[in-house]
Amino acid sequence: MTTPLPTTMQAFVIDPKNHEDNPLDNGALITNHPLPTIPNEKYALVKILRAGICNTDLEILQGYMGFGGILGHEFVGKVIQLHPTASQSLHDQWIGQRVCGDINIGCCNFSSDNNSTESSNNDTSSTSSCRVCNNKFNYNQSNSQMSRNHCPNRTVIGILNQNGTFAEYMTLPLSNLHVVHESIPDEIAVFAEPLAAACRVVEQGLVQFRYSGGGEECRGGDRVAILGDGKLGLCIAEILGREYLLAQQKQQQQNGSIAPHAPILFGKHEHKLDLVLDSGVQRRLVKECYTDEMTQEEVVSPHHANQYDVVIDSTGNPNGLTLAMTLCRPMGRLVLKSTCAAGVKGFNSAPIVIDELNVVGSRCGPIDRALELLEGNSTEGVAENGVVVSAPLRMEKYITESFPLSRVRDALECAAKKSTMKVQLVMAD
């Protein structure tokens, strides 16, 4: 006999009207929050097993996006229930599956009750009239990521008008769910969403580690700088390091081709940089970007100023953008991965105009690709230095500590420390 579900659950809820001196006081653990209901046959009820704390969660506690509701968007869970009208084939396909999920929910999934934090914002029919979801202008034929990320009416779990993952249960559309292979432990599967965000840089085609076959047009590909040795910066380093090793391997198979340039990760902490020692990236302390001149303002060294084809800012610091602009060559590509509640005081956009920089935002990426990398499900081969680039990405090294949901405040305090990498919440055994 099936065990009946509870009617309430634990959940960490943010009140957007609070503006406390301590950002953690803007949220509270509610022990009797109503269990979410499944709005329609497109959705599933997911029992959360683990959730990860992201820098975006900390920014939201400080007022980013003005969000109110259940916090969190990184998770692994198990599908335990579908809508009563769902077919038997859907039950057979989904019930009991461990899953991760895309965090953006397009309006094609909406109904009158979809467990949003602001139902009035989601008062649309179950058949969407949105041009993106309906693919009215063939957006998705040329860019399949459009519908995943950019429905203009979308909600985003734990970020925009949709309850998140710091709870025992949540609902998500079946189209958002991705099955987790049995070989991937829960604590590793939680990394699927942040790793997917790193994969998005590759999916967008923003970096090219070319391995041209000779001639005047031959070059070794983009010179890439990654700024920031936080969680996202390190994930980007893992992904681009692997892409570089693949390009290096292919270059070695072609006579006369020029070797690609290894991407460089700039950070402030040697112990964090050491975490990507074998990833394929070069590691540098960010202070090496500056000269030793004793001036009122730091001066970027000519060895680094305007030297990089692509600069990826994942510092999480609004001032990181200023350094990124300086490192990027004229007509180069500046990729923004940071979301910050605070603005940049005295921000000067002149270098973007003068150097004709291509500024590109980069957000959510392919969960399925991230899960492939965590599983090691590829046949990519072995690079010259012996690194097996088809092996699973090893993410255990990034976990600082895990806490039960009942200690969510301790977990958030731990996550806010500069020395911390990834903190996880454990909802179920």
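Here are some worked exercises on the predicted model above.

**Exercise 1. Get an overview: how many helices and strands does the chain have, and what share of its residues counts as buried?**

Start with the elements: there are twelve helices and 19 strands. Next, take burial: of the 429 residues, 50% count as buried. Then look at the surface, where the chain exposes about 19900 Å², with carbon and sulfur atoms supplying 47% of that area. Finish with the contacts: if you take those between residues at least 6 apart in sequence, 70% join residues at least 24 apart.

**Exercise 2. Work out which strands stand at the edges of the sheet with the order 7-8-9.**

First, write down the sheet: three strands, open, with mixed pairing. Strand 7 (104-105) and strand 9 (161-162) each have a single partner strand, so each has one side left without a neighbour in the sheet, and these are the edges. Now check one pairing: strand 7 and strand 8 (residues 155-157) run antiparallel and share two bridges. For a concrete spot, find asparagine 104, whose bridge partner in strand 8 is valine 156.

**Exercise 3. Do the same for the sheet with the order 2-1-4: which strands are its edge strands?**

This one is also an open sheet of three strands, and its pairing is antiparallel. Strand 2 (27-34) and strand 4 each pair on one side only, which marks them as the edge strands. Strand 1 (residues 8-14) is joined to strand 4 by two bridges. To see the register, go to isoleucine 14 and look across to glycine 69 in strand 4.

**Exercise 4. Take strand 10: how many of its residues are buried, and which way do they point?**

Count first: five of the five residues in strand 10 (residues 169-173) are buried. Then sort them by direction. Tyr169, Thr171 and Pro173 point one way, while Met170 and Leu172 point the other way. Finally, find a pairing: strand 3 (residues 43-53) runs antiparallel to strand 10, with five bridges between them. In that pairing, valine 46 has methionine 170 as its bridge partner.

**Exercise 5. Is histidine 73 buried or exposed, and what does it touch?**

Locate the residue: histidine 73 sits in the loop between strand 4 (69-70) and strand 5 (74-82). Its relative accessible area is 3%. The cut-off for buried is under 20%, so histidine 73 is buried. Leaving out residues up to four places away in sequence, the residues that histidine 73 touches include Cys54, Ile103, Ile157, Thr165 and Glu193. Aspartate 57 is also on that list, and its side chain makes a polar contact of 3.4 Å with the side chain of histidine 73.

**Exercise 6. Check how covered helix 6 is, and say what follows it.**

Ten of the twelve residues in helix 6 (residues 192-203) are buried. Among them are Glu193, Cys199 and Arg200. After the helix comes glycine 205, with a positive phi near 70°.

**Exercise 7. How many aromatic pairs does the whole structure hold, and where are they?**

A full search finds two. One is phenylalanine 209 with tyrosine 244, edge-to-face, 6.2 Å centre to centre and 70° between the planes. These partners are 35 residues apart, with phenylalanine 209 in the loop between helix 6 and strand 12 (224-227) and tyrosine 244 in helix 7 (residues 231-252). Phenylalanine 209 is buried at 10% relative accessible area, and tyrosine 244 is buried at 11%. Phenylalanine 266 and tyrosine 308 form an edge-to-face pair too, at 6.2 Å and 85°. Here phenylalanine 266 lies in strand 13 (residues 264-267) and tyrosine 308 in strand 15 (residues 308-313), 42 residues apart. Both phenylalanine 266 and tyrosine 308 are buried.

Methods:
Residues are numbered from 1 along each chain as its sequence is written. This is a predicted model: local features need pLDDT of at least 70, side-chain atom pairs count only at pLDDT 80 or more; totals for chains, interfaces and linings use all residues. Side-chain values use heavy atoms; hydrogens and water are left out. Two strands pair if DSSP finds at least two bridges between them. Helices (H or I, at least four residues) and strands (E, at least two) are DSSP runs, numbered from the N terminus. Buried means under 20% relative accessible area, exposed over 50%, partly exposed in between (1.4 Å probe, protein chains only). Contact means heavy atoms within 4.5 Å. Accessible areas come from the Shrake-Rupley method with a 1.4 Å probe; for residues, only the protein chains shown count as cover. A polar contact is a pair of N or O atoms within 3.5 Å; within protein, one must be able to donate a hydrogen and the other to accept it, and residues adjacent in sequence count only if both atoms are side-chain atoms. Rings of Phe, Tyr and Trp (its six-membered ring) pair if their centres lie within 6.5 Å; planes under 30 degrees apart count as stacked, over 60 as edge-to-face and the rest as tilted.
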